[in-house]
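The following exercises practise the reading of charged pairs and of a chain interface. Each task is followed by a solution in steps.

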Amino acid sequence: MTTSTRVSARRLTKRFGDFTAVDGIDFEVRAGEVFGFLGPNGAGKSSTMRMVGATSDRSGGELSVLGLDPSHHGTQIRSRLGVVPQEDNLDLELSVSDNLYVYGRYFGLPRRQLRGRIAELLEFAQLSERAADKVDNLSGGMKRRLTIARGLINEPELVLLDEPTTGLDPQARHLLWDRLYSLKQDGVTLVLTTHYMDEAEQLCDRLVVMDKGRIIAAGSPRELVDRYVTKEVVELRFPAGQARRAAPRTDGLARRVEVIADRLLLYTDDGDATAEHVASSTLQPVSTLVRRASLEDVFLSLTGRQLDD
Amino acid sequence: MLPTPFRPLSYFWVSFRRTWMSTLSASFFTPLLYLASLGVGLGSLVGHGQRLASLGGEDYLSFVAPALFAGTAMQVAIGQATYEVWGACNPWSGAYRSMQASPISTGQIMAGHMAWIAARALLACALYLAVSAAFGAVKSPEAVAGLAVGPLTGLAFAAPLAAYSVRARHDQPFSLVFRLLMLPLFLFSGTFFPVSQLPVGLRYLAYALPLWHAVELSRSLYAGTFEPLAGSGHVVYLAAVAGAGLLVARRSYEARLSR
């Protein structure tokens with residue numbers, strides 16, 4: 001481990017009874033980067049985050065967070081971390097600013113210092129006008145921004161975000177991405193989990209793809225696409241139930257073909273050329289779409305399943 | 001910097017600031033009503049307000065007032081250690097989960113909440129003491145020492161119950177706790193009549209349960225008849241129940257929160 005390493009895990013394992021949620025994973029998070037865990041629900045992302053956040057003990061392997069072992073230095077680690085859990089754990093009965101105040105007191109911040117910090121964070125979360133409102137009255141996106149702002153109260157070196165934009169509408173998501181990006185600009189190291197491939201592509205410098213408790217691929221979003229799939233994808237849509245029957249007739253049209261519900265995905269380096277071949281074939285899809293390959297395709301090619309299955 | 005073990009109290013204090021008016025007025029008017037109806041109203045029938053040997057040489061008001069003091073501590077503690085503890089680990093509050101993400105440890109979360117409940121019991125008992133003194137039910141300045149009985153009694157009930165509540169999936173069982181645990185204890189622990197009136201089996205059951213000890217202790221302090229041997233026996237008993245409860249609660253909190 002070097003001085004620029006913020007988190008390092010070797011054969012990290014978490015078991016609940018007979019069930020192995022995290023199955024011996026290795027990863028390293030470097031200072032100043034945005035590191036992502038991409039995978040479907042139940043892949044072991046949240047369990048990993050809770051171990052890194054020093055709120056859940058590991059069942060095996062080695063883990064170092066900010067150079068400390070969470071089993072022995074939980075308190076010290078948590079005092080330097082920002083945690084944004086999957087479910088907002090705000091107090092709905094308290095006001096926006098009281099939520100920040102109380103949380104700041106948990107970190108031992110003096111009242112006077114907190115007053116200024118709360119004003120800054122409200123500004124950051126674009127909630128200054130709502131400071132006195134009960135949290136219950138905020139929209140989903142506002143609650144999420146408040147949860148993130150609260151996680152920053154102790155000016156953490158490392159921020160853990162578990163599914164930061166799940167359940168938000170597109171506008172609220174973009175606003176959040178923008179806030180997270182500005183944190184990165186300030187030099188804060190971010191670790192996030194997501195099952196949205198566009199989120200991973202937008203935010204992450206490096207990521208690992210998780211499935212069933214294991215890491216099945218690692219790299220930057222671009223590297224992963226280059227390594228596991230072709231540059232482009234031609235999506236063919238068919239009437240209900242006909243995609244599978246049409247699949248054999250794509251022989252020779254693409255490097256690889258995947259069937260998803262009513263669609264065929266043709267992986268190819270030249271999408272337009274493939275689309276032309278399709279047009280002159282006997283396939284006759286309802287619609288044809290040429291697009292760049294994404295992390296969704298990486299996951300599909302690695303597991304044969306879609307991310308949000 | 002505020003030492004870590006005290007930090008959870010910020011949460012309870014800020015939440016309390018929102019509801020203190022209704023809490024304090026309930027803690028003031030409930031004893032007022034009880035003492036007026038039972039102490040004065042019923043007391044005028046029981047021995048016509050005279051001192052009775054069967055009541056340990058007290059009139060009925062002076063007999064029942066210290067028992068309600070102990071009962072107040074119990075009621076506050078049970079209410080807090082059921083719905084409040086359960087709520088604190090649920091989504092609409094998130095209180096425990098957010099404390100957990102901070103430097104506060106799981107044991108400190110438990111200890112902090114128990115300390116808060118003890119403080120609430122103390123507050124309710126202090127108000128009760130003032131009201132009962134106004135009724136003339138306090139015969140000895142020793143009753144002020146009874147203020148320590150409030151938090152002690154509160155913890156003896158709160159700690160074991162919190163151990164249960166923190167792991168409870170639903171809140172329905174809590175109404176059973178109120179009906180099948182709190183109400184019988186409140187009625188039969190030598191509160192409204194001496195336990196000597198109970199059949200022998202039930203009498204020993206009353207001796208075995210915490211409220212009777214708290215009632216006896218409060219009664220001796222209200223009347224100024226505190227005897228060191230019997231008194232410390234009651235204190236040791238309540239402290240043992242509270243201590244054992246805290247140990248179990250500690251394990252329960254770990255099991256629920258540190259998975």
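**Exercise 1. A salt bridge between chains**

Task: Determine how the side chains of A:E93 and B:R18 meet, and place this pair in the interface of chain B and chain A.

Solution.
Step 1. A:E93 and B:R18 meet in a salt bridge, with an N to O distance of 3.7 Å. The model is a predicted one, and the distance is computed from its atoms. The cut-off for a salt bridge is 4 Å between a side-chain nitrogen of Lys or Arg and a carboxyl oxygen of Asp or Glu, so the value of 3.7 Å satisfies the rule.
Step 2. Across the interface of chain B and chain A, 2 salt bridges are found. Polar contact joins 7 residue pairs between these chains, counting pairs with both residues at pLDDT 80 or more.
Step 3. On the side of chain B that touches chain A, helix 1 (8–41) and helix 3 (95–100) of chain B are the elements that give two or more residues. Helix 1 of chain B gives the most, with 7 residues.
Step 4. By class, this side of chain B has 13 nonpolar, 9 polar and 5 charged residues.
Step 5. The contact takes 27 residues from chain B and 26 from chain A. The area buried between the two chains is about 2,200 Å², and carbon and sulfur atoms give 54% of this area.

**Exercise 2. A pair across two strands**

Task: State which parts of chain A are tied together by A:R11 and A:E62.

Solution.
Step 1. A:R11 forms a salt bridge with A:E62, and their closest N and O atoms are 3.4 Å apart.
Step 2. A:R11 belongs to strand 1 (residues 5–16) and A:E62 to strand 4 (residues 60–65) of chain A, so the pair ties together parts that are 51 residues apart in sequence.
Step 3. A:E62 has a relative accessible area of 47% and is partly exposed.

**Exercise 3. A pair within one helix**

Task: Decide whether A:R117 is buried or exposed, and describe its salt bridge with A:E120.

Solution.
Step 1. The closest N and O atoms of A:E120 and A:R117 are 2.7 Å apart, and the two residues form a salt bridge.
Step 2. Both residues lie in helix 4 (residues 111–124) of chain A, 3 residues apart, which is about one turn of the helix.
Step 3. The relative accessible area of A:R117 is 14%; buried means under 20%, so A:R117 is buried.

Note on methods: Residues are numbered from 1 along each chain as its sequence is written. Chains are lettered from A and ligands numbered from 1 in the order in which they are written. This is a predicted model: local features need pLDDT of at least 70, side-chain atom pairs count only at pLDDT 80 or more; totals for chains, interfaces and linings use all residues. Side-chain values use heavy atoms; hydrogens and water are left out. Helices (H or I, at least four residues) and strands (E, at least two) are DSSP runs, numbered from the N terminus. Buried means under 20% relative accessible area, exposed over 50%, partly exposed in between (1.4 Å probe, protein chains only). Contact means heavy atoms within 4.5 Å. Buried area is the accessible area (1.4 Å probe) that two parts lose on being put together, summed over both. A polar contact is a pair of N or O atoms within 3.5 Å; within protein, one must be able to donate a hydrogen and the other to accept it, and residues adjacent in sequence count only if both atoms are side-chain atoms. Ala, Val, Leu, Ile, Met, Phe, Trp, Tyr, Cys and Pro count as nonpolar, Asp, Glu, Lys and Arg as charged, and the others, Gly among them, as polar.
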